[in-house]
Structure formats: C-alpha cells, structure tokens
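Biologist: I'd love to learn how to read a protein model step by step. Could you walk me through this one?

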Amino acid sequence: MSIWNYVVTAHKPTNVTHSCVGNFTSPHELNLIIAKCTRVEIHLLTAQGLQPLLDVPIYGRIATLELFRPPGESQDVLFISTERYKFCVLQWDAEATELVTRAMGDVSDRIGRPTDNGQIGIVDPDCRLIGLHLYDGLFKVIPIDGKGQLKEAFNIRLEELQVLDIKFLYGCSKPTIAVLYQDNKDARHVKTYEVQLKEKDFGEGPWLQNNLDNGAGLLIPVPLPLGGAIIIGEQTIVYYNGSAFKAIPIRPSITKAYGKVDADGSRYLLSDHSGMLHLLVITHDKERVLGLKVEPLGETSAASTLSYLDNGVVYVGSSYGDSQLIKLNSQPDPKGSYVEVLESFVNLGPIVDLCVVDLERQGQGQVVTCSGAFKDGSLRIVRNGIGINEQASAELQDDELEETEIAGFDSDAQTLFCHNAVHDQLVQITASALKLVDASSRRLLNEWRAPQGVSINVATANASQVLLATGGGNLVYIEIGRESLKELKHIQLEYEISCLDINPVGDDPAHSHLAAVGMWTDISVRIFSLPNLEMITKEHLGGEIIPRSVLFCAFEGVPYLLCALGDGHLFNFIVDISSGQLSDRKKISLGTQPITLRTFRSKNATHVFAASDRPTVIYSSNRKLLYSNVNLKEVNHMCPFNSASFPDSLAIGKEGQLTIGTIDDIQKLHIRTVPLGEHPRRICHQEISRTFAICSAKYSYNLTSGEDTETHFVRLIDDQTFEIVGSHQLDTYENGCSIITCSFTDDSNIYYCVGTAYALPEENEPSKGRILVFAVEDGKLQLVAEKETKGAVYNLNSFNGKLLAGINQKIQLYKWTLRDDGTRELQSECGHHGHILALYVQSRGDFIVVGDLMKSISLLIYKPEEGAIEERARDYNANWMTAVEILDDDIYLGAENSFNLFTVRKNSDAATDEERGRLEVVGEYHLGEFVNRFRHGSLVMCLPDSEASQIPTVIFGTVNGVIGVIASLPHEQFVFLQKLQHNLVKVIKGVGGLSHEQWRSFSNERKTVDAKNFLDGDLIESFLDLNRNRMEEIASSMEVSVEELCKRVEEMTRLH
C-alpha cells in the first residue's frame, strides 16, 4: 500500500528570492544573507570571495527579509516574515556559530483579504518600528523601543486598497512611509503618511505626487543629505522630495530589482525583466538634486534581487536563471559590457517539467529538467554522485603504457608502499627493506633492512616519517633526512597490526605527531604519539571484522580519523590534535568489500576517496561529512596524479586496468547545464531513437514595434550530445502544451505526439488546438499526422494502443486508423465531460486519474465493450491542482497551489454506491513548494542488496528548483520513523522559534489540518548531523542503539 509516504529533498531550493548585506556575524565582517524561499544562507565576504558560514531551513516560506541595527548596537539583526504570517528577529551567536532568536510572533489577522501584490515588510531607517503590509487596507506596525525590543503590534487603516509598494523615507522626525498605489481608474500615485505611534494612526505626510507613469512599480527611498524618493516606471524614472522634481524617459522595460551602491544613495543598480543591468545616477551638489542619468552596464541573469557588496562586486540573485557574483569594471570589454561574471551559482528553478531516464544504461536514473525561464531557459541533467571523466585508460597487459625503471628501487620484490619524500627523494618499502632513492638521478641513497627472518607486513610514510609493522606486533618508527634513515623507536604490541597511518593533519604539512594503528584480534584502532610511540588512546570497534585502512584527514579545518573495515563499514571520529583523543564516533556502510582510503585535492579542498565495490568520495560541507558515490564500478586503488598532460587528475586501478581521469565538482548531485537561450516547457525521452523532444518558446524583442514576440517550437535533441538535431516551428500564437512518446495498435512505429493550443490575445480560454504526430526519421522530425481540437490539449497519455487527451474541460480518446490511401489519422472514439479544466491526467490500465483546475482529483474508467469513459469516483474537496500521479492501483497523489501534497484512496470495496463514488483523503502534508510535475523513478543505483531498492519512489520538481523524492514505505518502517520524527521535533528546534508541526500542517484558504501519513525526510535525516550526546538521548527514548538508528536513517538517505 502506498498510504505511508516519506518526503525528502534530493536537491535543495536554488531560486534566490531575497538578499541583503550588512555586518551580521561581527561588527567588522561584511555578510551577504540570501533567502531561497524556505532556506536562509549566510556568507562572509573575504578577499577570496564568498565563504559560506551557514545554510539553515526555515519552517515557512520567506515573504520578507530585512537587516536592521537596533539603537546602540554594533551589529545588525535579521527580520524575517513568512507567507503564513509568522515573523522572527534573528541574531548571530559567535560562540556557538549559530542563529539565536531575539523575538518572534504571529502577525495574522482573523479577517482581511491577503494582498494580491505580495507581502511587504520594511524597517524604519531610525529603527523606531517595523511596518508590514499583509492585507488590503491595513498597515501593521511593530514598534521598537529604545533598547531594541519589539512591542505589541497594531493595525492602522490604509485608504489605498491597491498598494504596489511601500517604503520608509529617510530623515523624517517622525517615521514616514511613502505609498505607491493604483486607484480604481487604474491611475498610479504616491502618497506619504507619518506614523503616529502614540495615537496608533496616520498623520498627513510631507508630500504627494499624482498621475505617475502607468507602469510605475518601485519606490526607492534616498538617504540624507538628499532625502525624497525615486519612482521607477516602465517608461520614466522620477525623483521627488516635495520640492525638487526631476524626470527622465527610459527605454520601455519592467524593473524587477534594485541595489544601492553608495551609502549616500547617489547611485543605484537597476535590473529589468530581460536581465539588462543599468546604473542610475543622481547628480547633486550635496544638497540639491540637479538631475538623473541612466547608463546601461551589460547583461546578467534576470535578477530577483541585487546586493552591492564592495569594490564593484555585486551579487545578482535570480529566480529564472543562475545567480551570479559579478564585477563592474571601469572600462567596457570588446562587446561594450562593463559586467564580468566572477562566479555562477546553479539554479534549477523554475522546473516546469522533467523526465527520468537512464542515459548511460547502467541502472542509474538521471533527471532531465526544463529549467529557467525566458532567455535563461536550459535543460539540466541531474544525477546522483560524482562523475570521473575518463581522460585515458589502459589494459595492464598491453603496450600503451611505457614502463620506466627506477634504478635504486628493488624491482623484483612486491612494493608495499611508495612515496615522495623531503629533499627531492623517493621511498620504497618492500617486505624486506626500506629504500631511499634520489628522485632526479634515481640512484639508491640509503636503506634500512628488516632483521633476518622478519618481514615487513604493513607500512606507511609521509614526506619525512616512516612507520612500519613486522610480524609479531612489532612497530618501528623511522625518520627521513637528507640521504639518511634514522630508526628512532621500536615497540612490540600484543596483537598483529592490520593497518597504519601517519598522514599529517596538524600545522606542519610534512610531519605528524600522531600515528593511527589498526589491530587484529581485539579489533581496535589505537592512537600513538610520535616519535616515542606511547599509546594515547584505544577505541574498540566491536564485531569480528578487522580494520583494513586508517586515515587522518582534515576536512574544512576539522581533523578526523577515518577507519575502514573489511566488510565495507567505515567509522569516523573527530581527533583532538593536541591530546590525541577521539570523540563523536559515527559508523556508516559504504559497500560490502574491504575499503582503502586515500586523500586527494580538488579545487583547494582535501577530500577522501574510499576505493571498494561502491567507490565513494568523502567530503565536508557546512561542517558535516558527506558521502557521494562515484560513477565507477569496483575500484581497488586510487592515487592523485598530476602531470603536464593530465593536470589535477586521479589514477584509478581496477581489475586489470588503469584509468586516469579528472573529477567533477564535489557535491551530492552532479548537474550538467545545456543552455538553450529559450524557454523549454515540456520534455519527453524516446529510447529507440536516443532523442529527447521538447516544446520551447523563443522570445525576441522587435526593435521597430517595441514589442516582445514569442515563437514556439518542437525541438529534437540528441540524448548524448544534447545538440538540437531537428526543429518544427508551430503556428503564430500556437503554444506547445504537452508531449509524449507512444505507439499505436497495429503499427510497429514509435511516435512523438505533441498537443498544442492557440493562445489568441482576444480569448480567455483557447478555443482551438492541434495534436501533431511526428516520426523520427534519420534523426529528423517528420510530421505524420495532425488533428484539430476544440481547445487546448493540456495533456496526452498513451492508452492501450490509443491516445488519451485532456482538452479544455473534456477527456477525449483517439484511435489510430488507416485511410484508404495508406496514410494514418487520429479518429475520435469517445470522451468524458464534466471538468472545469482537465489539466493533469495519468492513466493505468483502464483507469484514468484527472487533476482538475479547481475540483481536485477524479477517477474515470474506460469501458472497451461500450466504447465509453465514465466517472467512477471523485474527491469532493476544492483543491486547485498543480500535478497528479498514480502511486498504485488504489492510491493517487496530488499537489495543489497552496504548496500542499495529499493522497486519496479509491474505496472499491465500500458498501454503498455513495461511498464507492468518493475518493477518500488518506494523507495530507504541507510541502511548502509549488510542484509542477511528478514522475516515477529513482535517482540512485538500484542495488539488489539494499532494502532501499525495494521501495517505490516518485520524483518531483518545483518552481524553486527543488528535486524531491516521495517514497512509499512498508507500515512497520513508517511507524518507526514516525516515532523518530516525533522525538526529533523535541530536540531540533526550528530557526526563529517556528513550529515544525504548524509548518507541515496541510493548509489552504479553506482549512488547516495536521499532517498525516507523510513524514518529513529532511528532518529525519538531520538526525545524522546531531552530536553523539543528542543522538544517544534520542536513541534511548526510541529504545534502540545509536548504531541501529544511524543504520536505519542511512538506509533512507540511500533513496536520493
């Protein structure tokens, strides 16, 4: 049964909605704070660029984000309000490096119509109050007292009902707002009001300005000494302060974001809907405004937010494309642009459509998304794990590899270890001896031989030290000098030694003070001090399997000890360098075969490669260890390889072959971008022709008419190179609405079918569309048949050898018939009316599940004997649907436009017709994301040995660029994780005091009910980031061991 579902994020939101700059983490540090709808990121501005400090989830959708500095304080605090009317004030705790909540509350009103133009939250420049515009006709005030404490909020009636923008003005003795609004004749004006805190009312403001540009949409308050405000329209920009009035015309454009450059407000950056960046300059003589100038700077992603950081560096946050860090140069480049992109930050949003494919045919699903909008549109290929891009490969038997002799080495003995040493020397360790060789002349400089009849079993070295173990538990420590090898210490342990490591993690990169030793028999790992080999600490690992590889490694400056066992398990500990003590023990399973650990460097960070039957890269992000699988089958050994022809590569040894390759960016998901320069809206993959087909829209600006025009295409794309190999242009005003690949009864060909709509400017709803049937011949699109329809073809499904279409309010079934002349056509067979708009349709067997524009989910059945489609059952709730999917024969999944998920069940065995005709709601959950598409499939390799591969999953894509997974769990597992979630909510507190329970409760305009039969996987998996004490606290209340709990949560992380 698919009633019990687990929802988890595979790719976090990347759509940047807000950003601001200030001194948040300390009075002298400049921070960039970014909101990505349900997450807040805090970055530190350093000479090297942006350094991430914190990335935390917020239990709400962020509506407003503002930094302000309370009176008498030296650093800023952060005000956040959410779409569900909660707010909080956060400040930085430098000791604990985390956010603490200074104030929180609820600003919802019982009555009131939510504003159409989004919530506004602003802070008075003199920090006397916070103002919020949440409901039409009301302005909410939260007063701030002299100590920076928030007082009780109150509402003031606002006459203007259609508010476009509100800002506080600078330099007014009483807090003063400017309101940009539209009257009932669609004219736009600005009015100012004084906020009287004692009387809790508005007083008349210093000025007003009537009859502005019809497209006026943004107010920019100008700081002192100038004061006043800039009003930005679509065709003019106006400055006004009650006395001085200046206006200039601009090229028609819609300004989406602005950023202040100078503290005195004489320069502003403006970004318009097409991503053009302009500089607005106020010319003044320190007191009077003399005029305005606008200069184009260049093109960026279409900005949703602009933050000027320092020295000409600007952060461009985008909802429609990748966010960017840019530098504004004083001189233009050859193309006339002053903009230089320093760094790009991938944004998958808005994901309008996606498909799940296995392009490498290795059993690993990849998600291909239609991402971005307008000119920033792209396809993104998202896959789990890290890719090794093969540069060269050789079978170890053949002649491609040229052997090279090192004269000083013993080439007849098996080498246990080999390493570069100080003073341009090499060391080789064999079973009988340790040899020191000159790296340039390759002659032997010195050697240390094992005593007669004793062989060296395990050995390791760094640039200046050697540690080796001979039989009988003997441990020998040797230091390397110029042409010298000095044996400094020799001890005997009670058991045999299985592995060693002396990788330096302290301040000296060539010398270690600690040695890690793995033991047989008592299955322990021990830490010894160097040079005197005194035991500092001993950790028993438990079980029967010996440690096969130990490694010291520093991740993000935190020293760890990794210890890998012979059965694919890995322990990690945090090491205290000064005392050698181990803490925070954690265990994870990486495979089933023995693991060997090696460090390598990539992009200035150290990572660890764990070679085994499931090769893994271990890395650290946000101060926690992450494990990413690598797209290789079994790997025996790996070492970093850096030469002129293969810079910064890895050499990888597998059974009988050597591969040299470079490694992708280190992250959990690997994302490849295919920029299209147009907006992809629908995508579909066809296995047999190895192609994708997409419906896309190309936008161009017509200089003569000043109009934006759009042209729609069906494009054919090669699924390996992602090049466009064929195109079909649609008619004027014709939009591609749906696309599938399908085959028909009595026809062996496989076709692409495209559904379209004519979006005529004078029509509210399309009254005509087409269904186009294409064949792929010689890699090109051939139109085989077309059928006119009486509306928009919102969706298509392959249905028992026929074609099922959702057209406006009806469902229509077409069959594929042969004409007398041998050509084929679509012929209507039957249909079903009774929907408002049948936007989303899925089918399974003879059942059809319809997601309606506003009437939730209904279930239809096709009766082949009667040639008719009938309604079997429906959900009588009014949900405005955004996507549907069939989980199993009886359970259907829906997403609706208040960011909720729900599941319904068909009651086929109910007693009465009335009950059978009702789809019963069995699960409800607030996702906080607008889902555009569900697809069956998985992002991970289906390994037969893991339980996770038996769990069915659905992948979804959202407007914020989230890729999520919904997994249907067995009941026993669901109950266990539900109990864990219940315990975690008590321990992990939401940022800003926001409640997890309220956040996940299903909520729309009509009702709010607690979540049921859905679990929050993100919360459950955050268990793995807790420290050991908190883990133990939760494990004891769950009555299981920490190991067992970690193992069960790790199983869940394998789903994505």
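Modeller: Here are some questions and answers about helices, strands and rings in this predicted model.

Biologist: Let's start with helix α5. Which residues of helix α5 (residues 1028-1038) are buried?

Modeller: Buried means under 20% relative accessible area. In α5, that label goes to Arg1028, Met1031, Ile1034, Ala1035 and Met1038.

Biologist: Within what arc do those buried residues fall, seen down the axis of α5?

Modeller: An α-helix has 3.6 residues a turn, so residues three or four places apart point the same way. The buried residues of α5 line one face of the helix, because, looking down its axis, they fall within an arc of 125°.

Biologist: Which residues on the other side of α5 are exposed?

Modeller: Here we look away from the buried residues, which include Met1031 and Ile1034. On the other side of α5, the exposed residues are Asn1029 and Ser1036.

Biologist: And what covers the buried residues of α5?

Modeller: The cover includes both strand and helix elements. Among them are β49 (582-589), α2 (971-987) and α6 (1042-1053).

Biologist: Which residue follows α5?

Modeller: Its phi is positive, near 60°. The residue that follows α5 is Glu1039.

Biologist: Now for some strands. How many residues of strand β20 (residues 236-240) are buried?

Modeller: Strand β20 is largely enclosed by the rest of the structure. We can say so because the buried residues number 4 of the 5.

Biologist: How many bridges join β19 (residues 229-232) to β20?

Modeller: β19 and β20 form a hairpin, with 3 residues between them. The two strands run antiparallel, and Ile232 has Ile237 in β20 as its bridge partner. The number of bridges joining β19 to β20 is 4.

Biologist: In the hairpin of β20 and β21, which residue takes a positive phi?

Modeller: β20 and strand β21 (residues 245-249) run antiparallel and are joined by 5 bridges. One partnership is that of Tyr239 with Lys246 in β21. Between the strands of this hairpin there are 4 residues, and the residue with a positive phi, near 100°, is Gly242.

Biologist: Let's move to a sheet. In the open sheet β62-β63-β64-β65, which are the edge strands?

Modeller: This sheet has 4 strands with antiparallel pairing. An edge strand pairs on one side only, and that describes β62 (734-743) and β65 (780-789).

Biologist: Which residue of β64 is the bridge partner of Tyr752?

Modeller: Strand β63 (residues 750-758) and strand β64 (residues 769-777) run antiparallel, with 4 bridges joining them. In β64, the partner of Tyr752 is Phe774.

Biologist: There is another open sheet, β30-β31-β32-β57. By how many degrees are its neighbouring strands turned against each other on average?

Modeller: This sheet holds 4 strands with antiparallel pairing. Its edges are β30 (353-357) and β57 (669-675), each of which pairs on one side only. Ignoring direction, the average turn between neighbouring strands is 20°.

Biologist: Which residue in β31 does Val357 stand opposite?

Modeller: β30 and strand β31 (residues 366-371) run antiparallel and are joined by 5 bridges. Opposite Val357 in β31 stands Gln366.

Biologist: Time for aromatic rings. How many aromatic pairs does the structure hold?

Modeller: A pair of aromatic rings is described by the distance of the centres and the angle of the planes. In this structure, the number of aromatic pairs is 20.

Biologist: Are the rings of Phe692 and Phe722 stacked or edge-to-face?

Modeller: Planes under 30 degrees apart count as stacked, over 60 as edge-to-face. The centres of Phe692 and Phe722 lie 5.6 Å apart and their planes are at 25°, so the pair is stacked.

Biologist: How many residues apart in sequence are the parts that this pair ties together?

Modeller: Phe692 lies in strand β59 (residues 691-702), while Phe722 lies in the loop between β60 (707-718) and β61 (724-729). Phe692 is buried at 0% relative accessibility, and Phe722 is buried with a relative accessible area of 7%. In sequence, the parts tied together are apart by 30 residues.

Biologist: One last question! How far from the ring centre of Phe899 is Arg61?

Modeller: Charged residues can also sit over rings here, including Lys906, whose charged end is over the ring of Phe847, 4.1 Å from its centre. Arg61 lies over the face of Phe899, and its distance from the ring centre is 3.6 Å.

Conventions. Residues are numbered from 1 along each chain as its sequence is written. This is a predicted model: local features need pLDDT of at least 70, side-chain atom pairs count only at pLDDT 80 or more; totals for chains, interfaces and linings use all residues. Side-chain values use heavy atoms; hydrogens and water are left out. Buried means under 20% relative accessible area, exposed over 50%, partly exposed in between (1.4 Å probe, protein chains only). The arc is that of the directions from the helix axis to the C-beta atoms. Contact means heavy atoms within 4.5 Å. Two strands pair if DSSP finds at least two bridges between them. Rings of Phe, Tyr and Trp (its six-membered ring) pair if their centres lie within 6.5 Å; planes under 30 degrees apart count as stacked, over 60 as edge-to-face and the rest as tilted. A charge sits over a ring if NZ of Lys or CZ of Arg is within 6 Å of the ring centre and within 35 degrees of the ring normal. Axes are lines fitted to C-alpha atoms, for helices over the stretch in contact, and angles run from 0 to 180 degrees between N-to-C directions.
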